[in-house]
Amino acid sequence: MRVRGRAVVAVGVVVAVVAVVGIWLVIRQAGERLRLPLSSRTCVVQADGQVRLDADQMANAATIAAIGTQRKMPERAVVVALATAYQESGLRNLDGGDRDSVGLFQQRPSQGWGTEAQIGDPRYATNKFYAALKRVRGWEKMRVTEAAQRVQRSAYPEAYEKWADESQVLTRALLGQATGAVACTVGSTPVMRGEAAAAALTRGLSLDWAPPGTVSPAELTGLAVPATDQRDGWRYAHWLVSHASDHGVKRVRFGGLEWTAEAGTWDRVADAPAADRRVVAEVFGDS
């Protein structure tokens, strides 16, 4: 009886392990479709389609798009990068994952992507992804999932394709191909305020976009960015709204439209100067 009891226990342990592994595999295969709906969704992106993200996802998506442009990568590269981050992390900067995977793209220190601390920096991780993609011969003509797989070498090579449509919508908006396309609702208690918020916002925009001349206007706490054309203006404006939650942005104005944290939408500004080519952002004050 004792031997039989041990056998039963052993079988039970094996069944439990198999069940856990099976659940993990299902989640991995399905990707973030199982996790994204659980998040609070505070941002809506409209650009020939609609995508809903929470504040952290939106900020990460905006940084991925900006760095791709700063590196002079084509639009297709941004779509591939966003689809990859969607699948690997749900557009979240994860502090762990499968084995030693870290960050937005679940890159692994053991595979030469960098140290854990480096990969945990979204800008570093994004730059490493684009650099690896650029080395893939003929990636521009590949399907999104094929290009991503050549970089990631995932056990699920087709998984990235299911995020191609969402990534295309985000790319159009974040690269300035749509007007007032990113609208986020920000809570009443900002993470940052005043000069600290303005300084962090200016630094973040400079690191992601490297615009030609970011300045702080004297009449408010915030910044103003000169835009060479409408497309550049909406690139900066959408980035600022995407980072509104983590940088305490109260309002953004460009092209005769204004987004406010209170309304969470873009509305027409009656007295906006027609010739103003600046994107102006205001952060919440200290009081």
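Helix α3 is followed by G90, a residue whose phi is positive, near 70 degrees, in this predicted model. The helix itself covers residues 75–89, and its 15 residues reach 21 Å from the first C-alpha to the last, close to the 21 Å expected at 1.5 Å a residue. Of these 15 residues 13 are buried, so α3 is largely enclosed by the rest of the structure. The chain around this helix has 10 helices and eight strands, and two open sheets, one of three strands and one of five, organise the description below.

**The chain as a whole**

- Buried residues make up 47% of the 287 residues in the chain.
- Among the contacts in the chain with a separation of 6 or more, 63% are accounted for by residues 24 or more positions apart.
- The accessible surface of the chain comes to about 14,100 Å², and carbon and sulfur atoms contribute 53% of that area.

**The three-stranded sheet**

- This open sheet has the strand order β2-β1-β3, and its pairing is antiparallel.
- The edges are taken by β2 and β3 (182–184), each of which has a single partner strand, so one side of each is left without a neighbour in the sheet.
- From one strand to the next, the twist averages 15 degrees.
- Strand β1 (residues 43–46) pairs with β2 in the antiparallel sense over four bridges, and within this pairing V44 stands opposite R52 in β2.
- The link between β1 and β2 is a hairpin with three residues between the strands, and D48 in the turn has a positive phi of about 55 degrees.
- On its other pairing, β1 meets β3 in the antiparallel sense over three bridges, with C184 in β3 as the bridge partner of C43.
- In a regular strand the side chains alternate between the two faces of the sheet.
- Strand β2 (residues 50–53) has a covered face formed by V51 and L53, whereas Q50 and R52 belong to the uncovered one; R52 is also the residue that stands opposite V44.
- Helix α2 (residues 55–70) lies across β1, β2 and β3, and its direction runs at about 120 degrees to β2.

**The five-stranded sheet**

- The second open sheet has the order β4-β8-β5-β6-β7, again with antiparallel pairing.
- Its edge strands are β4 (222–226) and β7 (266–268), and each has a single partner strand, so one side of each is left without a neighbour in the sheet.
- Neighbouring strands of this sheet are turned by 20 degrees against each other on average, with direction ignored.
- Strand β5 (residues 249–254) and strand β8 (residues 278–283) pair in the antiparallel sense over four bridges, and here R253 stands opposite V280 in β8.

**Helices on the five-stranded sheet**

- Helix α8 (residues 194–209) packs on this sheet, where it touches β4, β5 and β8, and the direction of α8 makes about 25 degrees with that of β4.
- Helix α9 (residues 230–242) lies across β4, β5, β6 (257–260), β7 and β8, and the direction of α9 runs at about 170 degrees to β5.
- Strands β4, β5 and β8 are therefore touched by α8, and these strands are also among those that α9 lies across.

Note on methods
Residues are numbered from 1 along each chain as its sequence is written. This is a predicted model: local features need pLDDT of at least 70, side-chain atom pairs count only at pLDDT 80 or more; totals for chains, interfaces and linings use all residues. Side-chain values use heavy atoms; hydrogens and water are left out. Buried means under 20% relative accessible area, exposed over 50%, partly exposed in between (1.4 Å probe, protein chains only). Contact means heavy atoms within 4.5 Å. Accessible areas come from the Shrake-Rupley method with a 1.4 Å probe; for residues, only the protein chains shown count as cover. Two strands pair if DSSP finds at least two bridges between them. Axes are lines fitted to C-alpha atoms, for helices over the stretch in contact, and angles run from 0 to 180 degrees between N-to-C directions. The expected span of a helix is 1.5 Å times one less than its number of residues.
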